Amino acid sequence: MSYDFTPLFRTAIGFDRLAQVMDSAARSPGNSSFPPYDIAKTGNDSYTLTMAVAGFGPEDIELVVQDNTLVVSGRVNAPQDEGEILHRGIARRAFERRFALADHVEVTGAEMNNGLLRITVQQIIPEALKPRRIPVKTVSATQAERAVATEQKNQAQQQPQQSIATAA
């Protein structure tokens with residue numbers, strides 16, 4: 001099944017990233033449910049991703065952020081001799097999970113405790129993108145006329161000096 005999101009983007013500017021996320025989600029094959037994870041909002045601009053990674057150590061886990069995507073992968077270390085396995089309920093297979101990150105979202109840390117990998121993420125908006133208030137000043141008509149006259153006078157004074165400088 002395919003969806004056409006074109007009507008949604010006819011009046012939107014700069015939402016191409018959203019279109020890419022929707023397109024990649026529609027194209028991706030059914031994701032495995034391993035390892036299970038939770039995503040929690042811990043503040044206005046902070047999140048925690050918790051993954052159950054029993055059987056993996058910190059040296060077996062790799063976190064990579066590239067192109068607004070967090071890739072969490074785990075590799076299986078050499079199997080230990082545990083004798084004859086009668087039932088295997090603990091999954092010890094390699095995995096890779098991808099999480100799309102919004103713009104200006106950064107991974108700020110990762111820690112492992114009791115088989116849970118906890119990744120902290122925070123949205124950090126640059127000062128240039130934060131809203132800022134511009135004060136509006138009132139100018140009376142006489143002040144505006146004086147400002148225009150002063151500007152014209154300054155321009156007239158600068159023109160003769162420039163011509164003298166070029167003649168010399």
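Tutor: Before we start, a residue is called buried when its relative accessible area is under 20%. Keep in mind that this is a predicted model.

Student: Okay, so what percentage of the residues in the protein chain is buried?

Tutor: The protein chain has 168 residues to go through. Count a residue when its relative accessible area falls under 20%. The buried share then comes to 15%.

Student: In what order do the elements of the protein chain run from the N terminus?

Tutor: Let's take stock before we line them up. The chain holds two helices and seven strands. Reading from the N terminus on, the order is α-β-β-β-β-β-β-β-α.

Student: Which strands stand at the edges of the open sheet, and why is one side of each left without a neighbour?

Tutor: Start with the order in this open sheet of three strands, which is S3-S4-S5, with antiparallel pairing. A strand at the edge has a single partner strand, so one side of it is left without a neighbour in the sheet. From one strand to the next, by the way, the twist averages 15°. The edge strands are S3 (61–66) and S5 (95–100).

Student: How many bridges join S3 to S4, and what is the bridge partner of Val-64?

Tutor: S3 and S4 run antiparallel, and six bridges join them. These two strands also form a hairpin with two residues between them, where Asp-67 takes a positive phi near 50°. Now look across from Val-64 into S4, and you land on its bridge partner, Val-71.

Student: What about the other side: which residue in S5 is the bridge partner of Gly-74?

Tutor: Gly-74 is one of the residues of S4, which spans residues 69–74. S4 pairs with S5 in the antiparallel sense, over six bridges. Across in S5, the partner of Gly-74 is Phe-95.

Student: How many residues of S4 are buried?

Tutor: Let's check both ways the residues point. Thr-69, Val-71 and Ser-73 go one way, while Leu-70, Val-72 and Gly-74 go the other, and all of them are buried. That leaves S4 mostly covered, and the number of buried residues is six of six.

Student: Which residue in S7 stands opposite Met-112?

Tutor: Here we move to another pair of strands, S6 (residues 105–113) and S7 (residues 116–123). Eight bridges join them, and they run antiparallel. They form a hairpin with two residues between them, and Asn-114 in the turn has a positive phi of about 55°. Opposite Met-112 in S7 stands Leu-117.

Student: Which residue forms a salt bridge with Glu-96, and is that residue buried or exposed?

Tutor: For a salt bridge, the side-chain nitrogen has to be within 4 Å of the carboxyl oxygen. The count comes to one salt bridge, and its closest N and O atoms are 3.2 Å apart. Glu-96 is partly exposed, with a relative accessible area of 47%. Its partner is Arg-98, and at a relative accessible area of 56% that residue is exposed.

Student: How many charged residues are in the lining of the largest cavity?

Tutor: Searching the whole structure turns up one cavity of 30 Å³ or more, and the largest cavity has a volume of about 40 Å³. Its lining is made up of Gly-55, Phe-56, Asp-60, Arg-75, Val-76, Asn-77 and Arg-92. Sort that lining by class and you get two nonpolar residues, two polar ones, and a charged count of three.

How values were computed
Residues are numbered from 1 along each chain as its sequence is written. This is a predicted model: local features need pLDDT of at least 70, side-chain atom pairs count only at pLDDT 80 or more; totals for chains, interfaces and linings use all residues. Side-chain values use heavy atoms; hydrogens and water are left out. Two strands pair if DSSP finds at least two bridges between them. Helices (H or I, at least four residues) and strands (E, at least two) are DSSP runs, numbered from the N terminus. Axes are lines fitted to C-alpha atoms, for helices over the stretch in contact, and angles run from 0 to 180 degrees between N-to-C directions. Buried means under 20% relative accessible area, exposed over 50%, partly exposed in between (1.4 Å probe, protein chains only). On a 1 Å grid over the protein atoms alone, a cavity is a set of points where a 1.4 Å probe fits but cannot get out, and a pocket is an open set with protein on both sides within 12 Å along at least five of seven lines; lining residues have an atom within 4 Å of a point. Grid points are joined across faces, edges and corners, and a volume is the space filled by probe spheres set on the points. Ala, Val, Leu, Ile, Met, Phe, Trp, Tyr, Cys and Pro count as nonpolar, Asp, Glu, Lys and Arg as charged, and the others, Gly among them, as polar.
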